[in-house]
Amino acid sequence: ICQVMSVPILICDDSSFARKQMNRSLPDNWDVEVTFATNGLEGLEAIRQGKGEVVFLDLTMPEMDGYGVLENIRKEDLHAMVIVVSGDIQPDAQARVQKLGAMAFVKKPIDKLKTTQILTEFGILSSE
């Protein structure tokens with residue numbers, strides 16, 4: 001019997017409003033287990049525990065920002081596909097997160113359509 005495991009999703013943002021909004025933008029019929037982190041340190045811990053196969057990451061957070069999380073994912077060679085979701089979309093921020101290994105950079109607020117597009121584009125979500 002092939003058991004399909006739900007995908008561990010981590011939403012890492014210091015704003016509870018942004019976390020809820022991001023959670024609502026996940027595709028409806030996608031089997032996921034969502035973990036929330038309120039700062040980069042919590043987020044990194046969750047990724048180490050395997051709770052963030054796909055990570056929606058804010059850049060500006062207390063304790064450790066999104067850049068720090070990306071640097072540590074790379075340093076520790078953790079398995080995480082990171083999509084940065086930030087209000088700060090200056091070109092240099094965008095270039096920097098991509099250099100650090102983020103798959104995509106999306107401007108807040110994100111909606112279901114955009115999330116689905118990105119997940120499909122990167123082969124995380126199969127478009128059946």
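This report describes the strands, helices and selected residues of a predicted model.

## The parallel strands

Strand E1 covers residues 7–12. Its neighbour E2 (residues 32–37) runs parallel to E1, and 6 bridges join the two. Within this pairing, Leu10 of E1 has Thr35 of E2 as its bridge partner. Strand E3 (residues 54–57) is also joined to E1, by 4 bridges, and these two strands run parallel as well. Here Ile9 stands opposite Val54 of E3. E1 therefore has pairing partners in both E2 and E3.

The pairing continues from E3 to E4, again in the parallel sense and with 4 bridges. Val55 of E3 faces Val82 of E4. From E3 the chain passes through helix H3 (residues 66–75) before it reaches E4, and this β-α-β crossover is right-handed. E4 in turn pairs with strand E5 (residues 104–107) over 4 bridges, in the parallel sense. Ile83 of E4 stands opposite Ala104 of E5. The connection from E4 to E5 goes through helix H4 (residues 91–99), and this β-α-β crossover is right-handed. A further right-handed β-α-β unit is made by E1, helix H1 (residues 16–24) and E2.

The table lists one residue pair for each strand pairing.

| Strands | Bridges | Residue pair |
|---|---|---|
| E1 and E2 | 6 bridges | Leu10 and Thr35 |
| E1 and E3 | 4 bridges | Ile9 and Val54 |
| E3 and E4 | 4 bridges | Val55 and Val82 |
| E4 and E5 | 4 bridges | Ile83 and Ala104 |

## Burial of E1 and E4

Is E1 buried or exposed? Of its 6 residues, 6 are buried, so the strand is largely enclosed by the rest of the structure. The cover applies to both faces: Val7, Ile9 and Ile11 are buried on one side, and Pro8, Leu10 and Cys12 are buried on the other. Strand E4 (residues 81–86) has 5 of its 6 residues buried, so E4 too is largely enclosed by the rest of the structure.

Val7 lies in E1. Its relative accessible area is 16%, and because buried means under 20%, Val7 counts as buried. Beyond its sequence neighbours up to four places away, Val7 touches Trp30, Asp31, Val32, Glu33, Glu53 and Val54. Gly43 is 36 residues from Val7 in sequence, and their C-alpha atoms are 16 Å apart in space.

## Helix H3

H3 is mostly covered, with 7 of its 10 residues buried. The buried residues are Gly66, Tyr67, Gly68, Val69, Leu70, Asn72 and Ile73. They pack against helix H2 (40–48), E3, E4 and H4. At the start of the helix, a side-chain oxygen of Asp65 comes within 3.3 Å of the backbone nitrogen of Tyr67. After H3 comes Asp77, which has a positive phi near 50 degrees.

Tyr67 is also involved in an arrangement with a charged residue. The charged end of Arg96 sits over the Tyr67 ring, 3.6 Å from the ring centre. As for ring-to-ring pairs, the structure holds 0 aromatic pairs.

## Two buried loop residues

Ser25 is placed in the loop between H1 and E2. With a relative accessibility of 2%, Ser25 counts as buried. A polar atom of the Ser25 side chain lies 2.8 Å from the backbone oxygen of Met22. The side chain of Ser25 also makes a polar contact of 3.1 Å with the side chain of Thr115. Leaving out residues up to four places away in sequence, Ser25 touches Ile110, Asp111, Lys112 and Thr115.

Asn39 is in the loop between E2 and H2. Its relative accessible area is 10%, and Asn39 is buried. Which backbone atoms does the side chain of Asn39 reach? The side chain reaches the backbone nitrogen of Leu41 at 2.9 Å and the backbone nitrogen of Glu42 at 2.9 Å. Outside the residues up to four places away in sequence, Asn39 touches Cys12, Met61, Pro62, Glu63 and Met64. Among these contacts, Cys12 is one of the buried residues of E1.

Definitions and conventions. Residues numbered from 1 in each chain as written. Predicted model: local features only at pLDDT ≥ 70, side-chain atom pairs only at ≥ 80, totals over all residues. Heavy atoms only, no water. Buried < 20%, exposed > 50% of the residue type's maximum accessible area, 1.4 Å probe, protein only. Contact = heavy atoms within 4.5 Å. Pairing = 2+ DSSP bridges. Right-handed = clockwise from strand over helix to strand, strands pointing away. Phe/Tyr/Trp six-rings, centres within 6.5 Å; stacked < 30°, edge-to-face > 60°. Lys NZ or Arg CZ within 6 Å of the ring centre and 35° of its normal. Polar contact = N/O pair within 3.5 Å; in protein donor to acceptor, adjacent residues only side chain to side chain.
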